[in-house]
Amino acid sequence: QVQLEQSGGGLVQAGGSLRLSCTASEHDFNFNFMGWFRQTPDDRRELVARVFDDDGEIDYLDSVKGRFTISRDKDKNTVALQMNNLKPEDSAVYLCYAEWYANGGKNMAWGRGAQVTVSA
């Protein structure tokens, strides 16, 4: 079973930057995609950004476009999220996520989550 280890997060003032990183336990593993969700204070879970392993396609939540950058290093089996120009509405628990297909079905793994708090 794939496990995801997260690092990063914390408290920052509006306009500041933070970086999140996530390492998968399995090497040379072809995921469908890896990415980041966030759980907001009003209990919404949003897909923030994801990157597909086969073609490198990247998707972003509209509200983070131009401010957040997702990157994937297959050699190190990591995915990172660089968050710039942070806003108070970005405050949430950020969770690393990986999805892959095996044994005829879709499989997924979640990181433990990291709190990101942006003060006004």
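Here is a short chat between a visitor and a guide about this predicted model.

Visitor: Let's start simple. How many helices and strands does the protein have?
Guide: Read along the sequence, the pattern is β-β-β-β-β-β-β-β-β-β-β. So helices don't come into it, and with strands counted as DSSP runs of at least two residues, the tally for the protein is zero helices and 11 strands.

Visitor: What radius of gyration does the protein have, next to that of a compact globule?
Guide: The C-alpha atoms fill a box of roughly 45 × 25 × 25 Å along the principal axes. For 120 residues, a compact globule would come out near 14 Å, and the protein agrees with that, because its own radius of gyration is 14 Å.

Visitor: What share of the residues is buried?
Guide: The accessible surface of the protein is about 6400 Å², with 45% of it belonging to carbon and sulfur atoms. To count as buried, a residue has to be under 20% relative accessible area. Among the 120 residues here, the buried share is 43%.

Visitor: And which strand gives the most to the largest nonpolar core?
Guide: That core has 29 residues, and Leu4, Met34, Trp36, Leu81, Met83 and Tyr94 are the ones touching the most other members. Strands 3, 4, 5, 7, 8, 9 and 11 each supply at least two of its residues. The top contributor, with five residues, is strand 9.

Visitor: Met83 was on that list. What does Met83 touch?
Guide: Met83 is one of the core residues that touch the most other members. Leaving out residues up to four places away in sequence, the partners of Met83 are Gly16, Ser17, Leu18, Leu20, Arg67, Phe68, Tyr94 and Val116.

Visitor: Which cysteines form a disulfide?
Guide: A disulfide is a covalent bond between the sulfur atoms of two cysteines. The cut-off used here is 2.5 Å between the sulfur atoms, and the count comes to one disulfide. Its sulfur atoms sit 2.0 Å apart, and they belong to Cys22 and Cys96.

Visitor: How many residues apart are Cys22 and Cys96 along the chain?
Guide: The link is left-handed, with -80 degrees about the S-S bond, and both Cys22 and Cys96 are buried. Cys22 belongs to strand 3 and Cys96 to strand 9, so the pair links distant parts of the chain, with a separation of 74 residues.

Visitor: What about contacts in general? What percentage is between residues 24 or more positions apart?
Guide: Take the contacts in the protein with a separation of 6 or more. Of those, the part from residues 24 or more positions apart is 53%.

Visitor: Is Arg72 buried or exposed?
Guide: Arg72 is found in strand 7. Its contacts beyond four places in sequence include Phe29, Phe31, Met34 and Val51. Because its relative accessibility is 18%, Arg72 counts as buried.

Visitor: Which side chain is joined to that of Arg72 by a polar contact?
Guide: Arg72 also has a backbone partner: a polar atom of its side chain lies 3.4 Å from the backbone oxygen of Thr78. Between side chains, a polar contact of 2.9 Å joins Arg72 to Asp53.

Visitor: Tell me about Thr78, then. What is Thr78 in contact with?
Guide: Thr78 lies in strand 8 and is buried, with a relative accessible area of 17%. Setting aside neighbours within four places in sequence, its contacts are Cys22, Thr23, Ser71, Arg72 and Asp73.

Visitor: Is Asn77 buried or exposed?
Guide: Asn77 lies in the loop between strand 7 and strand 8. Its phi is positive, about 60 degrees, although it is not a glycine. At 1% relative accessibility, Asn77 counts as buried.

Visitor: And Asp43, buried or exposed?
Guide: Asp43 is in the loop between strand 4 and strand 5. Its phi is near 70 degrees, a positive value in a residue other than glycine. Since its relative accessibility is 60%, Asp43 counts as exposed.

Visitor: Last one: what separates the C-alpha atoms of Gln1 and Glu26?
Guide: Gln1 lies in the segment before strand 1 and counts as exposed at 70% relative accessibility. Beyond its neighbours within four places, Gln1 is in contact with Ser25, Glu26, Trp100 and Met108. Gln1 and Glu26 are 25 residues apart along the chain, and their C-alpha atoms are separated by 8.4 Å.

Note on methods
Residues are numbered from 1 along each chain as its sequence is written. This is a predicted model: local features need pLDDT of at least 70, side-chain atom pairs count only at pLDDT 80 or more; totals for chains, interfaces and linings use all residues. Side-chain values use heavy atoms; hydrogens and water are left out. A nonpolar core is a set of buried Ala, Val, Leu, Ile, Met, Phe, Trp, Tyr and Cys residues joined through side-chain atoms within 4.5 Å. Buried means under 20% relative accessible area, exposed over 50%, partly exposed in between (1.4 Å probe, protein chains only). Helices (H or I, at least four residues) and strands (E, at least two) are DSSP runs, numbered from the N terminus. Contact means heavy atoms within 4.5 Å. The radius of gyration is taken over C-alpha atoms; the globule rule is 2.2 Å times the number of residues to the power 0.38. Accessible areas come from the Shrake-Rupley method with a 1.4 Å probe; for residues, only the protein chains shown count as cover. A polar contact is a pair of N or O atoms within 3.5 Å; within protein, one must be able to donate a hydrogen and the other to accept it, and residues adjacent in sequence count only if both atoms are side-chain atoms.
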